[in-house]
Amino acid sequence: MSPNLESPVQTEMAVAIYKNSLGSGEYFGTNKSEGKLTGRRRVFVQTETGCVLGMDLDRSDNAHTVKRRLQIALNFPIEESSLTFGDMVLKNDLSAIRIDSPLLLTRNVFHRSSSTPCLSPTGRDMQQRDRSGPIEILGHSTRFAKTKQLVKEIVKAVNHGIDPLPVHSGLGGAYYFRNVRGESVAIVKPTDEEPFAPNNPKGFVGKALGQPGLKRSVRVGETGFREVAAYLLDYDHFANVPPTALVKITHSIFNVNDGVNGSNHQNKKLVSKIASLQQFMAHDFDASDHGTSSFPVSAVHRIGILDIRILNTDRHAGNLLVRKLDGFGEVELIPIDHGLCLPESLEDPYFEWMHWPQSSIPFSEDELEYIRNLDPARDSAMLRSELPMIRDACLRVLFLCTIFLKEAAARGLCLAEIGEMMSREFRAGEEEPSELEVICIEARRLTAEEMMSPKSRADTDELNFDIDYEDGEYEYANSKSAFEDFGFGSFNHFHGRTPLAKLDESVEEVESEGEEEEEQEKGLASVTALLRNPTVTALSVSLKNTSLGEKSKKFPKFFGGKDEGGYVGSSSSGHRSANEQLPASASFVKVADMNEEEWGLFLDKFQDLLNPAFAERKSLVFGQKQRQRLGTSCKF
């Protein structure tokens, strides 16, 4: 069953566990008891409205006992509810849950209100109350040593009456936590205060945790673990990502809304949240306030390498902090705000560095060696171990982008060229898939043909592929193409439409549904014609017509005011609605609907197509001048 971003959670696992099709990399965690069922396990259960309760699980516990404890402690209704752990809906067996894992309890009611208040605990069963400390780190990675020190400083300051300060900029809730000297040492972003989340303090509410967010492939409440993933993937502090961890944190400053309009409670009480906690980095300004000519080439390259691996959809100048090192103009770059990385499907990234001159300089030998040593299978296993709630689709995107980076760098492409191949073009107001996406489309076509061949049919009884059609919207041709059978839908030209762009899409505003569909129809007209041509492959046509880096100003950049600390509250700032801040984009390729056999075959086809793609790219850009890319940069 394919993932459905419209529902808060998936009802089945898209992929059971990463197996050999991801490669041979292994990750042997830092906790000796990791993955083994111990007598008691500490977990943190979060409701879709943001309430959090820490509890210890026994071997005999099941989903019902967990729900019952939550009901007793928080007065939270558990009828018609589901307990989920990442992609998995938990039933009787809780053996998959790791120590310090966050679980999500959602209501299975289609028209439920996302503003149900978080009720105060009752005294009926004191044993079920959460008696944990003010801050608990979720996970036991050795790389959280710095975060543990920060936690000690923050707790000491709070005990001395030094309260955190809210970050007033941005669309989401964020808070500066301080030490006993009153200095900011960490920025905390609660997952239930993100844009659209139920406890957003700035009026951007309307969705439950787990539903599509500002980016449809990044769900509400799931930017926090992405911040942690970026830090964990930054091996040897290569790109200089500040120490980041997922925490369960309790304080009275956090926001809890009451009512459908998201109005704030006046009387502040202690409330627990799951949040990302990142070390506050002292700096002088951000990259938008400073000329880029002084930025070190190595720093730009290292940040770019990370952004490509994680498919960062929001690397703008405002989330690159700049710190002066001495009086001779030397500076250090510090990348922050990675909540919109690792989407669940291929997205249009935004790489601010792509039109900086440093990105056109070839990689150094040290950088090439770092890239060669990257192992996407090991990276996936590490994230699965450290962040067990991460979705399989995110890991597949990481896997694809890392392979793309490694192969491109090995064939002499520079950072700017790689970024260009991953970025979509807007021509005459029409969005076209990136070269990376076209390669994936062709790989899926070849995979489908092989899977549907007579030999494959003899080996496989049934292939299950999902595609959602609205009744009567499309006409079916007499004979289906391999794309149809593989989930790309019918490519007949009834009304000139194709469902390709509607994979993993959801319409967030009823009144804008017609406009969005019209946009997607126009943007995919050329792709539809390309895929229906039996004599010309999508790959060759795309590469033939590709030129470097120009996108029209289809969407303007929205920049808002920064907080005095230079950070923004987990989203764009300004005076526009959340939908205006980050326009929805089409999803040309999804990767979560393939089973293990299909995924392994797809990867083989994908890698086979890379050599001619890179050769074509090099021949096309020979002698061309790079042009500035204009995109949809937002401050997140």
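## Exercises on strands, charges and rings

L83 stands opposite L90 in strand 4. That pairing is a good place to open this predicted model, and the exercises below work outwards from it.

### Exercise 1: A hairpin and its surroundings

**Task.** Find out how strand 3 and strand 4 pair, and decide whether the faces of strand 3 are covered or open.

**Solution.**
- Step 1. Start with the pairing: strand 4 covers residues 88–90, and 3 bridges join this strand to strand 3 in the antiparallel sense.
- Step 2. Look at the turn. The hairpin leaves 2 residues between the strands, and G86 has a positive phi near 65°.
- Step 3. Now check burial. Strand 3 spans residues 81–85, and 5 of the 5 are buried, so the rest of the structure largely encloses this strand.
- Step 4. Sort the side chains by face: S81, L83 and F85 lie on one side, S82 and T84 on the other, and all are buried, which leaves both faces of strand 3 covered.

### Exercise 2: Another hairpin

**Task.** Describe how strand 1 and strand 2 run relative to each other, and name the residue of their hairpin that takes a positive phi.

**Solution.**
- Step 1. Strand 2 (residues 52–58) runs antiparallel to strand 1, and 7 bridges join the two.
- Step 2. For a specific partner, take R42, whose bridge partner in strand 2 is D56.
- Step 3. The turn has 4 residues between the strands, and here G50 takes a positive phi near 105°.
- Step 4. Burial completes the picture: 7 of the 8 residues of strand 1 (residues 40–47) are buried, so strand 1 is largely enclosed by the rest of the structure.

### Exercise 3: A sheet with helices packed on it

**Task.** Work out the strand order of the open sheet of 6 strands, then find what helix 2 touches when packing on the sheet.

**Solution.**
- Step 1. The order reads 6-10-13-9-8-7, with antiparallel pairing.
- Step 2. The edges are strand 6 (135–137) and strand 7 (165–166), each pairing on one side only.
- Step 3. Further in, strand 9 and strand 13 (residues 271–279) run antiparallel and are joined by 5 bridges. Within strand 13, L277 stands opposite V188.
- Step 4. Helix 2 (residues 145–159) packs on this sheet and touches strand 6, strand 8, strand 9, strand 10 and strand 13. The direction of helix 2 makes about 175° with that of strand 6.
- Step 5. Helix 3 packs there too, touching strand 9, strand 10 and strand 13, with its direction at about 140° to that of strand 10.
- Step 6. Finish with K152, a residue of helix 2. K152 is exposed, at 59% relative accessibility, and its C-alpha atom is 9.0 Å from that of I135.

### Exercise 4: Charged pairs

**Task.** Determine which parts of the chain K189 and E227 tie together, and whether K189 is buried or exposed.

**Solution.**
- Step 1. The closest N and O atoms of K189 and E227 are 3.4 Å apart, and the two form a salt bridge.
- Step 2. K189 belongs to strand 9 (residues 184–190) and E227 to helix 3 (residues 223–233), so the bridge ties together parts 38 residues apart in sequence.
- Step 3. With the cut-off for buried at under 20%, K189 counts as buried at 8%, and E227 counts as buried at 6%.
- Step 4. Set another pair beside this one: E432 and R427 form a salt bridge at 2.8 Å. Here E432 is buried at 17%, whereas R427 is partly exposed at 29%.
- Step 5. For the wider view, the whole structure holds 31 salt bridges, and R219, E222, R226, E344 and R391 are linked in a network of them.

### Exercise 5: Rings

**Task.** Classify the ring pairs Y176 with F280 and F238 with Y370.

**Solution.**
- Step 1. The count of aromatic pairs is 10.
- Step 2. In Y176 and F280 the ring centres are 5.6 Å apart and the planes stand at 90°, so this pair is edge-to-face.
- Step 3. Y176 sits in strand 8 and F280 in the loop between strand 13 and strand 14, 104 residues apart. Both Y176 and F280 are buried.
- Step 4. In F238 and Y370 the centres are 3.5 Å apart and the planes at 5°, so this pair is stacked.
- Step 5. F238 lies in the loop between helix 3 and strand 10, and Y370 in helix 5, so the pair ties together parts 132 residues apart in sequence.
- Step 6. One more ring to inspect: the charged end of R143 sits over the ring of Y231, 4.4 Å from its centre.

Key:
Residues are numbered from 1 along each chain as its sequence is written. This is a predicted model: local features need pLDDT of at least 70, side-chain atom pairs count only at pLDDT 80 or more; totals for chains, interfaces and linings use all residues. Side-chain values use heavy atoms; hydrogens and water are left out. A salt bridge is a side-chain nitrogen of Lys or Arg within 4 Å of a carboxyl oxygen of Asp or Glu. Buried means under 20% relative accessible area, exposed over 50%, partly exposed in between (1.4 Å probe, protein chains only). Two strands pair if DSSP finds at least two bridges between them. Contact means heavy atoms within 4.5 Å. Axes are lines fitted to C-alpha atoms, for helices over the stretch in contact, and angles run from 0 to 180 degrees between N-to-C directions. Rings of Phe, Tyr and Trp (its six-membered ring) pair if their centres lie within 6.5 Å; planes under 30 degrees apart count as stacked, over 60 as edge-to-face and the rest as tilted. A charge sits over a ring if NZ of Lys or CZ of Arg is within 6 Å of the ring centre and within 35 degrees of the ring normal.
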